[in-house]
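Student: I keep meeting labels like "buried" and "antiparallel" without knowing what earns them. Can we go through one structure and test each label?

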There are 2 protein chains.
Amino acid sequence: MNIGDVATRTGLPAKTIRYYEDIDLIKPLRDDNGYRVFRAQDLHKLNFLGRARALGFTIEDCRTLLALYEDETRASADVKHVARDHLAQIDAKISDLKAMRDTLGHLIDACAGDDRPDCPILQDLGGKS
Amino acid sequence: MNIGDVATRTGLPAKTIRYYEDIDLIKPLRDDNGYRVFRAQDLHKLNFLGRARALGFTIEDCRTLLALYEDETRASADVKHVARDHLAQIDAKISDLKAMRDTLGHLIDACAGDDRPDCPILQDLGGKS
DNA sequence: CTTGACCTTCCTGTCACTGGAACCCTCATC
DNA sequence: GATGAGGGTTCCAGTGACAGGAAGGTCAAG
């Protein structure tokens, strides 16, 4: 199967698939004409990667997870550890964003939003708190 | 005032301050020896930038907000518009992250996390749902 | 006169791609 | 046989917002 079909099937852009090969996440074969040839296992890995990325795992996490996936003797604790770390990062990001949203939300509520220049948002940013 | 003092006072790394000059957000003067010389207005702008960045505004948003800040005839509606757009982006990010966290959280809960290889997390990523 | 703490510029790297240029392969059609 | 469309290939540059580091200039203190 060629890269275009793989892109359609996995939902990943061809560029992304080439990139994943470039960083050694997948190793498709090559046809005589130089075209990449994808086997079922390559498709499988790409789907795995797509799902892991959708859950926000970094590429390096994906590399680790993929290795664990292929290691029949893995300990599920290792997987859980990676996932827990990632979950903690997500939670941290969420609370950062929530703090921003609260502050920003208050400022927006306080701003008249008309054609006058007075603006609590700018006042706050300017440090006149 | 030199860049080190400004860094201390604003809490911004010197690297960041140089970068902000590079992209024309600030325009400190220069001493005969080539050192940057910061005036009160530069400090003020940097504090403004620090706060805006802490609220997650992009650099381009900051540029817009700074321009509005310095424009005495601005309409607060313009500021509010920028802020509202940004708030929407934050909300979108939060809900993306929440979705990830929920999915990931369930998977983590379902994973034994012991030395056995069976792992619902990998099963899900592998597409065996 | 040297030391050490500043400052300068410039280049590279980050992360995970994306866009684009320039070129090759294949098949169908005229 | 020429042509065109629609694949594929490589390689280079850009994204955002800096951070790290090298190589070198400046300045006050001892």
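Student: What makes D24(A) exposed?

Tutor: Keep in mind that this is a predicted model. The cut-off for exposed is 12 or fewer other C-beta atoms within 10 Å. D24(A) has 8 of them, so it counts as exposed. You'll find D24(A) in the loop between helix 2 (14-22) and strand 1 (29-30) of chain A.

Student: What is unusual to look at in the backbone of D24(A), say in its phi?

Tutor: Phi of D24(A) is near 65 degrees, which is a positive value in a residue other than glycine.

Student: And how do you know that D24(B) is exposed?

Tutor: Run the test again on chain B. D24(B) has 8 C-beta neighbours inside 10 Å, and the limit for exposed is 12, so D24(B) counts as exposed. Its phi is near 65 degrees, again a positive value, and its place is in the loop between helix 2 and strand 1 of chain B.

Student: Now the opposite label. Why is F57(A) called buried?

Tutor: Buried takes 20 or more other C-beta atoms within 10 Å. F57(A) has 23, so it passes and is buried. F57(A) sits in the loop between helix 3 and helix 4 of chain A.

Student: Which residues does F57(A) touch, leaving out those up to four places away in sequence?

Tutor: They are A52(A), C62(A), L65(A) and H86(A). There's also a distance to try on screen: F57(A) and Q89(A) are 32 residues apart along the chain, and their C-alpha atoms are separated by 10.0 Å.

Student: What about a lysine? What makes K80(B) buried?

Tutor: Use the cut-off of 20 again. K80(B) has 22 C-beta neighbours inside 10 Å, so it counts as buried. K80(B) lies in helix 5 of chain B, yet the residues it touches, not counting those up to four places away in sequence, are I108(A), C111(A), G113(A) and I121(A). From K80(B) to K93(B) is 13 residues in sequence and 20 Å in space, C-alpha to C-alpha.

Student: On to helices. Why are helix 4 of chain B and helix 5 of chain B called roughly antiparallel?

Tutor: Their axes come within 10 Å and cross at roughly 160 degrees. Angles over 145 count as roughly antiparallel, and therefore this pair gets that name. The crossing of helix 4 and helix 5 of chain B is left-handed.

Student: Which residues make that contact between helix 4 and helix 5 of chain B?

Tutor: Helix 4 of chain B brings D61(B), T64(B), L65(B) and L68(B), while helix 5 of chain B brings D78(B), V79(B), V82(B) and H86(B). By class, the contact has four nonpolar, two polar and two charged residues.

Student: And what makes helix 1 of chain A oblique to helix 3 of chain A?

Tutor: They pack at an angle of about 45 degrees, with their axes 10 Å apart. Roughly parallel needs under 35, and roughly perpendicular runs from 65 to 115. The angle fits neither, so helix 1 of chain A is oblique to helix 3 of chain A. Their crossing is right-handed. V6(A), R9(A) and T10(A) of helix 1 meet L43(A), L46(A), N47(A) and G50(A) of helix 3. Those residues divide into three nonpolar, three polar and one charged.

Student: Last one: how do you know that the two copies are related as by a two-fold rotation axis?

Tutor: Chain A can be laid on chain B by a turn of 180 degrees and a shift of 0.0 Å along the axis, with an RMSD of 0.1 Å. The copies are thus related as by a two-fold rotation axis. In chain A, the C-alpha nearest that axis belongs to I94(A), 3.0 Å away. The same surface serves both copies, as 100% of the contact residues of chain A recur in chain B.

Student: How many residues does the contact take from each chain?

Tutor: It takes 48 residues from chain A and 48 residues from chain B. On the chain A side, the largest share, 21 residues, comes from helix 5 of chain A. That side has 25 nonpolar, ten polar and 13 charged residues.

Conventions:
Residues are numbered from 1 along each chain as its sequence is written. Chains are lettered from A and ligands numbered from 1 in the order in which they are written. This is a predicted model: local features need pLDDT of at least 70, side-chain atom pairs count only at pLDDT 80 or more; totals for chains, interfaces and linings use all residues. Axes are lines fitted to C-alpha atoms, for helices over the stretch in contact, and angles run from 0 to 180 degrees between N-to-C directions. Helices (H or I, at least four residues) and strands (E, at least two) are DSSP runs, numbered from the N terminus. A crossing is left-handed if the near helix is turned anticlockwise from the far one by less than a right angle, and right-handed if clockwise. Two residues are in contact if their C-beta atoms, placed from the backbone, lie within 7 Å. Ala, Val, Leu, Ile, Met, Phe, Trp, Tyr, Cys and Pro count as nonpolar, Asp, Glu, Lys and Arg as charged, and the others, Gly among them, as polar. Copies are superposed by least squares on the C-alpha atoms of residues with pLDDT of at least 70 in both.
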